[in-house]
2 protein chains.
Amino acid sequence: MSRATELFNDSLRVINIGTSKFKDDLDLQNVESVQLDWRPPAGGNTQLIAALDFLQGNDQVEAANLEAITRIKDAHPYLIDIEQAIHVIPNMHKKKILHSGPPITWERMCGPAKGAIIGALIYEGLAKNEEAAENLAASGEIEFAPANEHSAVGPMAGIISPSMPVHVVENRTHGNRAYCTVNEGLGKVLRFGANSVEVIERLKWIETVFAPALKKALALTDGVDLKSITSQALHMGDECHNRNKAATSLFNREIIDYFLQTDLTKDVLREVIGFIRGNEHYFLNLSMPASKSALEAAQGIPYSSIVTTMARNGVDFGIRVSGLGENEWFTAPANLVKGLFFPGYSEEDAAPDLGDSAITETMGIGGFAMGGSPAIVQFVGGEVEDAIAYSEQMYEITAGENTNYSIPTLNFRGGAYGIDIRKVIETNVLPVINSGMAHKQAGIGQVGAGVVHPPVACFEQAMLAFANKYRGGDQHE
Amino acid sequence: MSRATELFNDSLRVINIGTSKFKDDLDLQNVESVQLDWRPPAGGNTQLIAALDFLQGNDQVEAANLEAITRIKDAHPYLIDIEQAIHVIPNMHKKKILHSGPPITWERMCGPAKGAIIGALIYEGLAKNEEAAENLAASGEIEFAPANEHSAVGPMAGIISPSMPVHVVENRTHGNRAYCTVNEGLGKVLRFGANSVEVIERLKWIETVFAPALKKALALTDGVDLKSITSQALHMGDECHNRNKAATSLFNREIIDYFLQTDLTKDVLREVIGFIRGNEHYFLNLSMPASKSALEAAQGIPYSSIVTTMARNGVDFGIRVSGLGENEWFTAPANLVKGLFFPGYSEEDAAPDLGDSAITETMGIGGFAMGGSPAIVQFVGGEVEDAIAYSEQMYEITAGENTNYSIPTLNFRGGAYGIDIRKVIETNVLPVINSGMAHKQAGIGQVGAGVVHPPVACFEQAMLAFANKYRGGDQHE
């Protein structure tokens, strides 16, 4: 009996790869079959496959990536100061406003970003009311620029205006600094696009009461070790993006002794310590610049295909890659976040993916570490096993395991970190990000939280640019 | 072909139950077989099986147990005060010393308990030195009694002497109170049997500085909600017996605002808050009386076979049962703890299982909740999956699931609680306890931590007493 005859005489046991139509037919005929969830590498794009072929197993790329992930892991961020943006952020000036995500013009900005900028211009005293602020913003007199291009990061709208106090984080391993504003809490807050009187007043209080008090306390420390707090918090149910309860509590515990050594009155101390205590997301605005300071240390390594930035402005998602240009963004339209909505809101109300907080996922925490943070699913939706599956899946697209940031539920395996654009293209697996959601209109605020992925197009563009750059200059290989 | 012939002609597929000798023989003959880990209920003890037969599915027992677990779950403990034992613990007097575990005479006590009592007598000014203290303890002039018989609990040696300040915890649902000393920290401490000058001085500082300060702060609160802190901490990697890092941090966060409202100087505040901050086990001595206040509310329900106390004095392990006498202990020799030893120590150095802290497991936290506390394995040994398996196994011997105290890694399933002596006897599964280990000699201190079980004999005795009591008075069934 020939093999072919054998095949047709025997009962069929079918594994179907690719289009499911064949399986549908077999199902109709009651033939058992299995559908394999397979897609060709790089989605079958021949240009990308050629780039991948060239870059896979390339010794120079491997060595550069090892250098990149070593720097990211070895970075040691400390909170050393809090000071107004204009005094510490390089190239900041009185008419400059930093925003989250890749570059964008005022006209193209999303509602919450516009709302936050209007609030910031009023807060700065540059505009008397909303209308004046909108006119000023549209006039061209204000320079808008990505926080990420200024060693800074901001959650959601991510607005940093000149007078806003920013946490100053120093990466003592590599000597660079990163900056981030103070987290305002939940509810009506600037970063979600709200700009009412209470929002502006809170910003003023942060500037005039909170920041000077924290500055006094920080002056007495040798710096607050953010790496240590993050490492501990990851064993206490935080993933340090959307859950910062333990980290904030540990930070609070750490800083109080220094507050008590200042000349501040007990009333001021109550107010200031109470603000940190009352805001379980306080540490987000420390987790982000800590991550930023580590990733910026890994920027600019020739041949490295490791992602150093993922950021969203509510319109575009942008990434940057270590071995490509420092301000070379690869962008594509931002996705909508899938998750849980606050009562009264639905997906229709939400702006697309927004904020620099995906710097935490770029660092290998946040969504990447959510398997160690079961309680996060109560905030962003899904089951505990989904969270663990996300953390496990991220090993497929990363170059390293960060033993400093280990995941309890994975038996303390070092978290996946160092996103390699080659692996994303090869596997079609996209980084997972958990995120708050802002209302798409200016002035409203948060409507929910959930899980989102970058558009694959960012990685495809980066891959082609990377191959062009290094294949071009490297024809002998 | 008859079935018997069939059996002998076919190849054997063997499941062996009971003695493994048959399997050993088959192994020698290369016959595949599976050994089923099975033991008869009640270890085959016919008296116990008769008791079990009578009590299984008994409506009165079921109803009583439902009442017991409802009370345990509904209990709402608040920390309301701190005061010297003699002023608040019922029936305390100047020559009385409370200890952990079931009743025991001075002569039979373990080394660390003797060491701690010597320290307490010196601390009280009742003896000038170790020798005088030993003589006094042996003289019969001092009354020794279980803390558990005084609505109190103490970790390890569990010594409470009249002048020691105790946390006063009120169960506001049922109106009863429970008491526990202040946790001294790790290292050389009284509860592990150490009694050097530094130990006594720390106790004096707690009495004269710490407790008066905390009392002032507590007077400004409406009580600190210990149920809420425990519930949160269980989602932050604590199991609230041997890991209390998150709970202590949350307690610290809560109490600081009240400290700042007292008239205490900033220097005293630094000292006092620093003590809590520096001791990640501070909350153990709140978790324990919180558990005690809940379980005591469930004591004395006729027909209830739920365990209300598990406690060890380093010689005997004792349990008490809701439907049996309030001070009716069922005891057997305490086991040795299996786990991790501090450098320089081994199992030979350790005293047997010691302390009232198993009140946490009786409550359904501690070892019962360790599946939600992966980091605990770094302290007590084992793998994360072992910890999860323990938490899952405890459902076999408990009457309820406490949704107030849920376990993240079990997808937020309510923790197993309400140990039913019938189920322990039926399944041969013993409660799991994680525990510190004290050196067996007086005056040394902690040598490690690990996992331990009660001796099954405690449950066997309780089962027989229970059947005797209720079968006797209930012949119509």
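**Note on the two-chain predicted model**

1. Chain B is superposed on chain A by a rotation of 180° with 0.0 Å of shift along its axis, at an RMSD of 0.1 Å, the fit being by least squares on the C-alpha atoms of residues with pLDDT of at least 70 in both copies. The two copies are thus related as by a two-fold rotation axis. The same surface serves both of them, since 100% of the contact residues of chain B recur in chain A. Within chain B, the residue that comes closest to the rotation axis is B:M236, at 2.1 Å for its C-alpha.

2. On the basis of the values: this is a predicted model, in which local features need pLDDT of at least 70 and side-chain atom pairs count only at pLDDT 80 or more, whereas totals for chains, interfaces and linings use all residues. Residues are numbered from 1 along each chain as its sequence is written, chains are lettered from A and ligands numbered from 1 in the order in which they are written, and side-chain values use heavy atoms, with hydrogens and water left out.

3. As to the extent of the interface, 34 residues of chain B are in contact (heavy atoms within 4.5 Å) with 34 residues of chain A. About 3,200 Å² are buried between the two chains, with carbon and sulfur atoms giving 56% of that area; buried area is the accessible area, for a 1.4 Å probe, that two parts lose on being put together, summed over both.

4. Between chain B and chain A the count is 6 salt bridges, each defined as a side-chain nitrogen of Lys or Arg within 4 Å of a carboxyl oxygen of Asp or Glu. One salt bridge joins the side chains of B:E280 and A:R253, at 3.4 Å from N to O.
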